[in-house]
Amino acid sequence: MELGMIGLGKMGGNMTVRLVRGGHRVVGFARTKAVVDEVVAQGAAGASSLANLVAQLTPPRIVWLMIPSGPPVDQTLEQLHGLLAPGDLIVDGGNSYYRDTLRRAALAAGWGLRFVDVGTSGGVWGLTEGYSMMVGGADADVARIRPILETLAPGPQRGWGHMGPIGSGHFVKMVHNGIEYGLMQAYAEGFSILRAKSEFALDLHQIAEVWRYGSVVRSWLLELTEAALAENPTLEGIEPWVADSGEGRWTVSEALDLNIPAPVITLALEARIRSREPDPFTERLLAMMRNKFGGHEVKRES
């Protein structure tokens, strides 16, 4: 089976390599030639442009996008519009907002193109561990890419599933990432409490290693935490700055629309935003309020 892969960053490149190893023919394209050369060295075919990629595929074509959410997806679809033919299938495997996916699928349908959304999890580990994929689309379109999904997943019958109609794959992945925010925040807070109990001189790496086996809080995320603490027990040199790529915000917004309370995910998102505050004005003002109403001492910057 063949397909075109657009976007060969770390995740997209690893997916391409996994597909090639699984016996698929993949034509890869990225804006940077050196990135294309990397997957070509692993057995994929390379494309010098989107037009060149489309020309190397046999109709009806399958084109898989692994590019950042937002305008890059819209821009790429506009370019593909003039290159693809009716019946060709576009797969958005990135972290697109599901409402954008619904709009894009309707646009593609007007062009005579098919559309499937695949919420993809696995990151840089997907090459060896396989990817978790949440798929949205028509039954026939999902069946068409089933051999690809079975190759990318941890196993043909596990790690992937057809969630429902178009948009459902990205919707489920959005909530998946919201849950991830909460899990990460809970681990971070728990280990911070352990570290603060200085009289016990606790070994955080040892605790993470113990919890990995038999504990109800064991998880792959905990395994990665254990590995991080083994490499850098004090986290020296790491700035307390945590990014968010959008899915947490979308999850919180959707929870509000659905009247579903989601305090853990919401607070985890707010903690990330707070971590990026260069000038903690909120805390400064709180300190001054306490000083004004109670005469409490205010610490001055040295």
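These are my notes on two nonpolar cores, one buried tyrosine and a surface patch.

**Starting point.** I am working with a predicted model.

**The largest core.** I looked up the largest nonpolar core first and found 28 residues in it. Trp 64, Met 133 and Ile 145 have the most contacts inside this core. Next I asked which elements give it two or more residues. The strands are S1 (2-6), S4 (62-65), S5 (89-92), S6 (114-121) and S7 (132-136). The helices are H1 (10-21), H2 (33-41) and H8 (146-152).

**A second core.** I also found a separate core of 21 residues. Among them are Val 27, Ala 47, Ile 90 and Trp 111.

**Ile 145.** Back in the largest core, I checked what Ile 145 touches, leaving aside neighbours within four places in sequence. Its contacts are Met 1, Ile 62, Leu 89, Val 91, Val 116 and Val 118.

**Tyr 97.** I then moved to the loop between S5 and helix H5 (98-110), where Tyr 97 lies. Is Tyr 97 buried or exposed? Its relative accessible area is 15%, so I noted Tyr 97 as buried. Setting aside neighbours within four places in sequence, I listed Met 174, Trp 250 and Glu 254 as its contacts. I also looked at Lys 173, 76 residues away from Tyr 97 along the chain; their C-alpha atoms are separated by 9.4 Å.

**The surface patch.** Last, I turned to a nonpolar patch on the surface, formed by Phe 281, Leu 285, Leu 286, Met 288, Met 289 and Phe 293. Together they have about 630 Å² of accessible area. I picked out Met 289, which lies in helix H14 (residues 281-294). Met 289 has 44% relative accessibility, so I wrote it down as partly exposed.

Definitions and conventions. Residues are numbered from 1 along each chain as its sequence is written. This is a predicted model: local features need pLDDT of at least 70, side-chain atom pairs count only at pLDDT 80 or more; totals for chains, interfaces and linings use all residues. Side-chain values use heavy atoms; hydrogens and water are left out. A nonpolar core is a set of buried Ala, Val, Leu, Ile, Met, Phe, Trp, Tyr and Cys residues joined through side-chain atoms within 4.5 Å. Buried means under 20% relative accessible area, exposed over 50%, partly exposed in between (1.4 Å probe, protein chains only). Helices (H or I, at least four residues) and strands (E, at least two) are DSSP runs, numbered from the N terminus. Contact means heavy atoms within 4.5 Å. Patches are made of residues with over 30% relative accessible area and no salt bridge: like charges are joined within 9 Å, nonpolar side chains (Val, Leu, Ile, Met, Phe, Trp, Tyr) within 5 Å. Accessible areas come from the Shrake-Rupley method with a 1.4 Å probe; for residues, only the protein chains shown count as cover. A salt bridge is a side-chain nitrogen of Lys or Arg within 4 Å of a carboxyl oxygen of Asp or Glu.
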